[in-house]
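Here's a quick briefing to read with the model open beside you. Have a look at the fold first, then work through the points below.

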Amino acid sequence: MALSAFDLYSVGIGPSSSHTVGPMRAAHRFASTLDTLEVGRVQAELFGSLGATGHGHGSAKAVVLGLLGEDPATVDTDTADERVAGIRRTGRLRLSGGREVPFDSDNDVVLHRRRSLPEHPNGMRFHAWSGAGELLAERTYFSVGGGFVVGDTGIVADTTVLPHPFSTGGELLALCRELSLPVSDVMYANERAWRPDADTRAGLLHLWSVMQACVERGCDREGVLPGGLRVPRRAPALYRDLKADDGTEDPLRVLDWVNLFALAVNEENASGGRIVTAPTNGAAGIIPAVLHYYTRFVPGATDDGVARFLLTAAAVGILIKGNASISGAEVGCQGEVGSACAMAAAGLCEVLGGTPGQVENAAEIGLEHNLGLTCDPVGGLVQIPCIERNAIASVKAINAARLALNGDGSHKVTLDKAIRTMRDTGRDMSVKYKETARGGLAVTVIEC
């Protein structure tokens with residue numbers, strides 16, 4: 001299956017790629033099959049991790065918006081809550097094809113907190129009946145991480161033939177040696193199978209502009225994040241402090257800026273704002289934070305560097321997705337924050353002049369030191385520990401790139417071995433640590 005950089009990055013809505021973006025896409029896909037049917041009622045059932053944390057992750061809202069025909073990339077995030085509230089008040093929902101049906105928000109989106117479908121932890125089943133109660137359509141979908149959705153018949157593979165295919169880090173390094181190209185140029189060549197270089201670059205810079213806008217909004221919006229935890233937004237106050245004391249001689253002040261960039265993105269994500277899935281929403285602050293570090297604090301940073309950063313990071317994301325998982329419901333937060341940390345470390349290493357060997361080493365360091373990281377969102381919300389975790393991993397990614405640049409690219413643990421270890425660790429991890437809010441901090445904090 002061929003994967004593009006734009007499969008790893010997409011413009012979406014918070015707070016979760018697997019719990020919000022994926023269900024919205026699945027509901028939209030289901031609703032689009034009903035246009036010619038005399039539908040009298042629709043229902044969605046969410047299983048596994050989706051059912052366990054669906055309210056905190058905005059899954060029910062996402063399903064309703066998807067049935068309305070909304071797409072994560074274009075839905076108006078400012079009016080989404082009011083539209084869903086209006087459906088709850090009126091008990092009526094207009095499907096994407098225009099047909100209006102009765103809709104009970106409490107009973108027509110069913111969250112099964114303890115039931116799972118065998119194929120994947122993030123399962124969804126949609127039903128449509130006639131007014132007389134006859135079942136007209138039923139579809140099952142799975143949200144497999146990063147907003148990717150597959151049907152019950154499996155993945156529809158992209159069979160695009162790439163000029164330089166790779167499925168392991170070892171193969172990628174061999175290509176770089178054989179072609180005498182950096183990782184980003186191998187990716188540019190592969191992206192050419194879908195579009196010209198100019199379009200790839202423009203698309204990547206558009207993603208960067210969305211990331212920048214997200215940071216700006218996060219630095220500007222005061223208040224408390226939605227949900228029962230009453231978590232205050234910290235980015236605006238930190239931004240004011242940094243601006244007021246921008247001339248400090250503190251050698252670690254740059255880390256405060258990196259923390260700010262990550263906090264701003266993830267507070268926007270937690271509030272259901274517009275973000276870039278990179279490669280998931282729960283880890284969406286890491287790549288933007290490290291890119292902001294590059295453009296703000298690295299002399300000579302350019303738009304070309306931004307594009308190459310994102311391409312290099314995507315190469316690592318493709319390896320992780322293909323050989324393990326980027327889904328917190330499958331492998332815990334090592335698959336989300338760990339993947340994003342490895343991707344950001346690789347991207348930064350390349351634009352700082354790293355060789356392909358050093359880039360691979362940076363990614364390995366970033367992933368290795370997130371192995372075993374659990375996904376235990378308190379209250380089922382993408383807030384604690386998720387927001388701070390992005391800030392910590394952003395700094396870790398910068399350090400991983402610097403460590404790799406201080407070496408020659410040779411190391412004992414390869415990226416492939418780290419990815420395999422992450423996959424095996426996720427397989428062994430208890431389900432209570434995989435985005436179900438039934439273990440770890442999710443339980444400890446509530447108990448206290």
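What follows is a short tour of a sheet, its helices, a helix pair and a few backbone oddities.

Keep in mind that this is a predicted model. The main items are an open sheet of five strands, a left-handed crossing of α9 and α10, and some unusual backbone spots, including a cis peptide bond from G14 to P15.

**The sheet**

- Reading across the open sheet, its five strands come in the order β5-β2-β6-β7-β8, and the pairing is mixed.
- The edges belong to β5 (109-111) and β8 (149-151); each has a single partner strand, so one side of each has no neighbour in the sheet.
- On average, neighbouring strands here are turned by 25° against each other, ignoring direction.
- As a reminder, strands in a sheet pair through backbone hydrogen bonds, in a parallel or an antiparallel way.
- For β2 (residues 41-46) and β6 (residues 123-129), the sense is antiparallel, and six bridges join the two strands.
- If you want a spot to zoom in on, L46 sits opposite M124 of β6.

**Helices on the sheet**

- Helix α4 (residues 59-67) packs on the sheet and touches β2, β5 and β6. Its direction makes about 145° with that of β2.
- Helix α2 (residues 17-31) lies across β6, β7 (135-143) and β8. Against β7, α2 runs at about 150°.

**The α9/α10 pair**

- Helices α9 (residues 235-244) and α10 (residues 253-270) pack with their axes 9 Å apart, at an angle of about 150°.
- Angles over 145 degrees count as roughly antiparallel, so that label fits α9 and α10.
- As for handedness, α9 and α10 cross in the left-handed sense.
- On the α9 side, the contact is made by A235, P236, L238, Y239, D241, L242 and K243. From α10 come R253, D256, W257, L260, L263, A264 and E267.
- Sorted by class, this α9 with α10 contact holds nine nonpolar and five charged residues, with no polar ones.

**Cis peptide bonds**

- Most peptide bonds are trans, and most residues other than glycine have a negative phi, which is the background for this group and the next.
- From G14 to P15 the peptide bond is cis, with omega near 10°. You'll find P15 in the loop between β1 (10-13) and α2.
- The bond from I384 to P385 is also cis, and omega there is near 5°. P385 belongs to the loop between α15 (356-368) and α16 (386-405).

**Positive phi outside glycine**

- S180 isn't a glycine, yet its phi is positive at about 55°. This serine is in the loop between α6 (169-179) and α7 (183-191), and it counts as exposed at 64% relative accessibility.
- A437 has a positive phi too, near 60°. Look for A437 in the loop between α17 (415-428) and α18 (441-447); with a relative accessible area of 23%, A437 is partly exposed.

**One more loop residue**

- T74 is in the loop between α4 and α5 (80-90), and this threonine is exposed, its relative accessible area being 61%.
- From T74 to L310 you cover 236 residues in sequence, and their C-alpha atoms are 22 Å apart in space.

Methods. Residues numbered from 1 in each chain as written. Predicted model: local features only at pLDDT ≥ 70, side-chain atom pairs only at ≥ 80, totals over all residues. Heavy atoms only, no water. Pairing = 2+ DSSP bridges. Helix = DSSP H or I, 4+ residues; strand = E, 2+ residues; numbered from the N terminus. Axes fitted to C-alpha atoms, helices over the stretch in contact; angles between N-to-C directions. Contact = heavy atoms within 4.5 Å. Parallel < 35°, antiparallel > 145°, perpendicular 65-115°, else oblique. Left-handed = near helix turned anticlockwise from the far one by under 90°. Nonpolar A, V, L, I, M, F, W, Y, C, P; charged D, E, K, R; others polar. Buried < 20%, exposed > 50% of the residue type's maximum accessible area, 1.4 Å probe, protein only.
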